[in-house]
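Biologist: Please take me through one part of this model slowly. I would like a close look at a single chain and its sheets.

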Amino acid sequence: MKPERSWKLAADALVWLLLLTMPFWIGAVGGYIQLGTLVVVMALAATALNFLIGFTGIMSFGHAAFFGLGGYGAGLTIKYLVPNTLLGMAVGVVTAIVAAAIIGKLIVHLRGIYFAMVTIAFGQIFYFIAFRWNNVTGGDDGLSNWHRMPIHLGFINIDILDSAVTFYYFVLFFFALSLAAMAWALRSPFGRTLLAIRENERRARYLGIPVDNHIWLSWLISCTFAGLAGTLYVLLNNFADPHQLHWEQSGEFVIMAVLGGMRSFWGPLVGATIFIVLQNYVSSMTENWMSFIGLFFVVIVLFFPDGVLGILRKA
Amino acid sequence: MSLLEVENVTKRFGSLLAVDSVSMSVDSGELRAVIGPNGAGKTTFFNLISGFVRPDAGRIVLDGHDVTGLSPARRVWRGLARTFQITEVFPRLTVGENLQIPVEVAAGFRLRIGLSGAERLKVRERADELLEWSGLARNVGRAVGELSHGDQRTVEIMMALALNPRLLLLDEPTAGMGERETYEIAQLIRRLHREKGLAIVLIEHDMRLVLRMADRVMVLDRGAVLANGAPAEIVANEMVQAAYLGKAIA
């Protein structure tokens with residue numbers, strides 16, 4: 001086995017070991033289990049976004065739309081229709097997929113700044129709907145007075161409502177499935193066509209790759225997992241918030257991906273961890289915590305364009 | 001029947017008539033050169049054939065099918081491949097990966113998220129065959145961006161060949177190269193023509209190369225066809241001498 005490959009396997013093993021044992025050590029480093037759960041949820045959203053920006057080379061500033069649609073889809077279903085967690089998640093994810101499929105078809109011929117601007121615009125439409133449609137979405141106050149439900153699978157009951165640890169493993173299960181699916185897709189012939197588009201779109205076109213269709217598929221995969229992350233986010237909080245549809249939230253996902261390293265599969269996880277931890281601890285010391293994130297971000301982008309993992313890889 | 005039939009294509013950019021009702025017919029297995037002074041419309045003509053830009057008028061028929069309205073990818077599926085004046089490869093990927101991608105696409109695997117063992121073997125064998133044939137095998141694990149200009153161009157041509165095309169368009173394949181690299185690329189083109197039986201249309205500035213290799217030569221000047229014929233006829237053509245060749249041949 002090549003040394004590079006065994007390093008990668010060792011890194012993968014370490015990441016999964018840390019994630020699997022998180023409930024046992026998070027207290028010792030001054031954290032708490034909901035914070036660890038939040039990191040995993042945000043890491044899923046950032047990794048989903050990075051499938052598009054890091055591995056297809058298409059920038060989106062509107063992924064909060066699908067994160068939020070997943071969240072509101074799940075929350076509204078559980079609150080008004082059926083108090084069933086898995087069904088709520090399914091509705092949330094399908095809502096995100098349908099919206100992404102339609103919006104994607106409309107914008108997939110755009111590139112660069114035009115694509116990014118239009119994703120912001122579409123995202124803001126959903127934000128204003130959630131913000132204004134008071135009697136259904138709760139408007140500015142968010143969607144409250146509901147909570148995630150324990151899961152009954154016939155032979156087994158999983159109490160994700162009262163046990164924060166059980167809920168963490170529930171989230172980690174979906175995180176692991178999603179990351180495995182994305183990693184699998186990236187290592188396939190289809191995944192290589194996405195790399196081809198990222199590296200040189202003109203060449204990709206003249207290899208017979210219908211570039212717009214492949215970008216649409218990548219966008220769809222990316223938005224699907226962003227939607228799934230959104231359902232987990234509202235389940236974590238027992239609350240859906242219009243801010244999770246706002247373009248600021250989209251920007252935070254981009255920051256997480258870039259901070260950790262867009263070229264690395266684990267980059268967004270590292271970026272999400274740094275972001276959430278800084279947000280949590282620095283914000284308890286100063287209201288201006290965003291300026292610390294901003295400063296850190298500027299330093300990384302200017303001096304280490306491959307992110308935190310890029311630094312480690314060079315070392 | 002000819003492989004490529006270009007019928008009276010015209011392309012305007014604003015007030016500039018870049019290509020003015022140009023027709024060209026290329027037979028299977030033919031090596032055709034397109035020459036002309038800078039700004040004669042050669043690259044625009046290539047872009048029209050390959051679907052990079054759409055003509056304002058005229059028709060392009062590839063292998064009996066009208067492809068005038070088709071996207072570049074669909075023209076590739078119909079057997080067309082091209083290279084560019086400025087080499088278009090995947091510079092950060094390795095030589096092996098640069099060839100693996102077109103081999104997989106040509107095998108119809110572009111939407112697959114998994115391959116069977118036999119399919120993977122088929123892809124590897126085809127990529128290895130192309131690497132051996134072109135002499136790129138020794139560089140298989142290196143990033144293409146690290147290679148010499150000539151080797152990068154070889155990679156680009158082999159990526160096009162990996163698609164199993166019937167017609168290959170080469171836009172100034174020896175542009176910016178030294179004597180030795182020019183010779184090597186010329187050898188590669190000759191082998192593509194003879195061993196693979198490919199029809200090749202070539203834009204080239206190196207006149208010695210054109211006169212030695214081409215079956216027929218088309219001369220463009222200010223967007224229109226000035227002459228069309230065997231290399232010897234082109235050299236003898238007074239209009240061509242006046243417009244383009246001038247002292248270079250005399």
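Modeller: Here is a walk through chain B, from its overall build to its two sheets and its contact with chain A. Keep in mind that this is a predicted model.

Start with the parts list. Chain B has nine helices and 10 strands. Its radius of gyration is 19 Å, close to the 18 Å that the globule rule gives for 250 residues, so chain B is as compact as a globular protein of that length. The C-alpha trace spans about 60 × 40 × 35 Å along its principal axes. Of the 250 residues in chain B, 42% are buried. Now take the contacts between residues at least 6 apart in sequence. In chain B, 66% of these join residues at least 24 apart.

Next, the sheets. A general point helps here. Strands of a sheet pair through backbone hydrogen bonds, either parallel or antiparallel.

One open sheet has four strands, in the order β2-β1-β4-β5 of chain B, and its pairing is antiparallel. Its edge strands are β2 (16–26) and β5 (65–66) of chain B, and each pairs on one side only. Look inside this sheet at β1 (residues 4–13) and β4 (residues 57–62) of chain B. Five bridges join these two antiparallel strands. Glu7(B) has Arg59(B), in β4(B), as its bridge partner. A helix packs on this sheet too. Helix α1 (residues 42–50) of chain B touches β1, β2 and β4 of chain B, and its direction makes about 60° with that of β2(B).

The other open sheet has six strands. Their order is β6-β7-β8-β3-β9-β10 in chain B, and the pairing is mixed. Here the edge strands are β6 and β10 of chain B, each pairing on one side only. From one strand to the next, the twist averages 15°.

Two pairs show what mixed means. Strands β7 (residues 167–171) and β8 (residues 199–203) of chain B run parallel, joined by five bridges. Leu170(B) has Leu202(B), in β8(B), as its bridge partner. By contrast, β9 (residues 216–221) and β10 (residues 224–229) of chain B run antiparallel, and five bridges join them. Val217(B) stands opposite Gly229(B) in β10(B). These two strands form a hairpin with two residues between them, where Arg222(B) takes a positive phi near 50°.

This sheet has a helix across it as well. Helix α6 (residues 179–195) of chain B lies across β3 (31–35), β7 and β8 of chain B. Its direction runs at about 155° to β8(B).

Last, the contact with chain A. It takes 26 residues from chain B and 19 residues from chain A. On the chain B side, α2 (72–77), β6 (80–82) and α3 (95–106) each supply at least two residues. The largest share, five residues, comes from α3(B). By class, this side of chain B has 17 nonpolar, three polar and six charged residues. Note that β6(B) appears twice in this story. It is an edge strand of the six-stranded sheet, and β6(B) also supplies residues to the side that touches chain A.

How far can the partner chain be trusted? The mean pLDDT of chain A is 93, and 99% of its residues reach 70 or more. Within chain A, confidence is lowest in helix α15 (residues 307–314), at a mean of 81, and highest in α11(A), at 98.

Notes. Residues are numbered from 1 along each chain as its sequence is written. Chains are lettered from A and ligands numbered from 1 in the order in which they are written. This is a predicted model: local features need pLDDT of at least 70, side-chain atom pairs count only at pLDDT 80 or more; totals for chains, interfaces and linings use all residues. The radius of gyration is taken over C-alpha atoms; the globule rule is 2.2 Å times the number of residues to the power 0.38. A residue is buried if 20 or more other C-beta atoms lie within 10 Å of its own, exposed if 12 or fewer, and partly exposed in between; C-beta atoms are placed from the backbone. Two residues are in contact if their C-beta atoms, placed from the backbone, lie within 7 Å. pLDDT is the predictor's confidence in each residue, from 0 to 100. Ala, Val, Leu, Ile, Met, Phe, Trp, Tyr, Cys and Pro count as nonpolar, Asp, Glu, Lys and Arg as charged, and the others, Gly among them, as polar. Two strands pair if DSSP finds at least two bridges between them. Axes are lines fitted to C-alpha atoms, for helices over the stretch in contact, and angles run from 0 to 180 degrees between N-to-C directions.
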